[in-house]
Structure formats: C-alpha cells, structure tokens
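Hi,

Here is the structure I said I would pass on. Have a look at it first, and then read my notes underneath.

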Amino acid sequence: MSLRPPRHRVSRTAIRYWRVRALIGWLVVVVAQLLWLLLADDGHGGLHAAALGATALVGLAHVIVMPQWRYNVHRWEMAPQAVYTRAGWLHQESRIAPISRIQTVDSERGPLAQLFGLADVTVTTASAAGPLSIEGLDRATAERLVDDLTTAAQATRGDAT
C-alpha cells in the first residue's frame, strides 16, 4: 500500500457547516464582550471596545478562512487493506488503520450537522493514538462507509488488537 493522500473529499456542505459552527462560537464571545463593555463601570471602556474590535476581526478572519482551508485538507479513503484519513487545518494529521485492526465503526449526527445533512464517522482501533475520525460526510456517504467498513472488518481475519 502506497502512502499517497486519500482520494475522497468530504461534502462541500461541510464548508457552510464549519462556517456556521465557528460563527456561533465567535458570537458567544462577542456577545459576552459586548455585555462587559456595556455593563462594566470600571473606567476602561476604551480598552473593552478595543478588545471587542480585535475579537470581531479575529473571529471574522477565522469564519472566512478556516472552513475552506479545512475542506482543502480533509480527505478520506477506504482501501481493501486499510482506511486512511487526513484532517485538520493548522495542525494536520494523517492516519492509517488496517481493516484487521478495526474494533468499532460509529456514525454521529449532532443537531447542527443534521440541519446540514452531514454526519461524522469514527473508526476505533486498538491504537494508542485513538480513533480515526472523518468529519463532514453527507449522510448517505457516511451510512455507506459505516456499512462497508463493518462488512470489511467482519470479513477480515485478525484479532483487532
């Protein structure tokens, strides 16, 4: 098996999903700082306003740049011998798990992911590095991948440890 990058991209919808998720997180921080600015009577209004402006700029840059960057990096593939992934944006990680080492295959869809029709697939092995995760798959692809990995793991000889 060669160590080429995985072939498949996650769903393009993941870009909007990651953008909305990041926006929600930054809105919580901005609202908290806005309340602090409005309610604080400590004589540091200018400092609070500057912090709010800096937070808004960093948050805006994150919401614009991060989702596309993650989409460009995130890849996955299921080969006959292994499943492999590449994920991250600032910190990028590539993982390969032999099919014979798979212990469990899980699919997860949180409320926001459900709104976007997305799901995450987690492949657990006996590795000390932890499970492999594939985030941002469309629901049908995730269901098919879970079925394919489960079938392949059951058909493969090995002790999964």
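Below is what I found, going helix by helix and then residue by residue.

Before anything else, keep in mind that this is a predicted model.

Let's start with H2, which runs over residues 45-73. This helix has 29 residues, and from its first C-alpha to its last it reaches 41 Å, close to the 42 Å expected at 1.5 Å a residue. There is a bend in H2 all the same: about 30 degrees at Val65, with a proline, Pro67, following within four residues.

Which residues of H2 are buried? They are His48, Leu52, Thr55, Gly59, Val63, Met66, Pro67, Arg70, Tyr71 and Val73. For reading a list like that, it helps to recall that an α-helix has 3.6 residues a turn, so residues three or four places apart point the same way. As for partners, the buried residues of H2 pack against helix H1 (13-39) and a set of strands: S1 (8-9), S2 (75-78), S3 (82-88), S4 (92-98) and S7 (132-138).

Now for H1. It has 27 residues and reaches 39 Å from first C-alpha to last, close to the 39 Å expected at 1.5 Å a residue. Its buried residues are Ala14, Ile15, Tyr17, Trp18, Ala22 and Gln33. These pack against H2, helix H3 (111-115), strand S6 (118-125) and S7.

How do H1 and H2 sit relative to each other? Two packed helices are described by the angle between their axes and the distance between the axes. Here the axes of H1 and H2 come within 9 Å and cross at roughly 175 degrees. That angle is over 145 degrees, so H1 counts as roughly antiparallel to H2. The residues of this contact divide into 20 nonpolar, seven polar and three charged.

A few single residues you may want to click on:

- Thr55 is in helix H2. It counts as buried because its relative accessibility is 11%, and the cut-off for buried is under 20%. Leaving out residues up to four places away in sequence, Thr55 touches Trp26, Val29, Val30 and Gln33. Of these, Gln33 is itself on the buried list for H1.

- Ala50 has its place in helix H2 too. With a relative accessibility of 47%, Ala50 counts as partly exposed. Its C-alpha is separated by 21 Å from that of Ala22, and the two are 28 residues apart along the chain.

- Asn72 also lies in H2. Asn72 is partly exposed, at 37% relative accessibility. Not counting residues up to four places away in sequence, Asn72 touches Arg9 and Arg86. Measure from Asn72 to Arg7 and you should get 12 Å, C-alpha to C-alpha, for a pair 65 residues apart in sequence.

- Glu108 takes us away from the helices, to strand S5 (residues 102-108). Is Glu108 buried or exposed? It is exposed, because its relative accessible area is 55%, and exposed means over 50%. Leaving aside neighbours within four places in sequence, Glu108 is in contact with Ala119 and Asp120. From Glu108 to Ala56 the C-alpha distance is 31 Å, with their positions 52 residues apart in sequence.

That's the lot from my side.

Cheers

Definitions and conventions. Residues numbered from 1 in each chain as written. Predicted model: local features only at pLDDT ≥ 70, side-chain atom pairs only at ≥ 80, totals over all residues. Heavy atoms only, no water. Helix = DSSP H or I, 4+ residues; strand = E, 2+ residues; numbered from the N terminus. Expected span 1.5 Å × (residues − 1). Bend = angle between axes of the 7 residues up to and from the residue. Buried < 20%, exposed > 50% of the residue type's maximum accessible area, 1.4 Å probe, protein only. Contact = heavy atoms within 4.5 Å. Axes fitted to C-alpha atoms, helices over the stretch in contact; angles between N-to-C directions. Parallel < 35°, antiparallel > 145°, perpendicular 65-115°, else oblique. Nonpolar A, V, L, I, M, F, W, Y, C, P; charged D, E, K, R; others polar.
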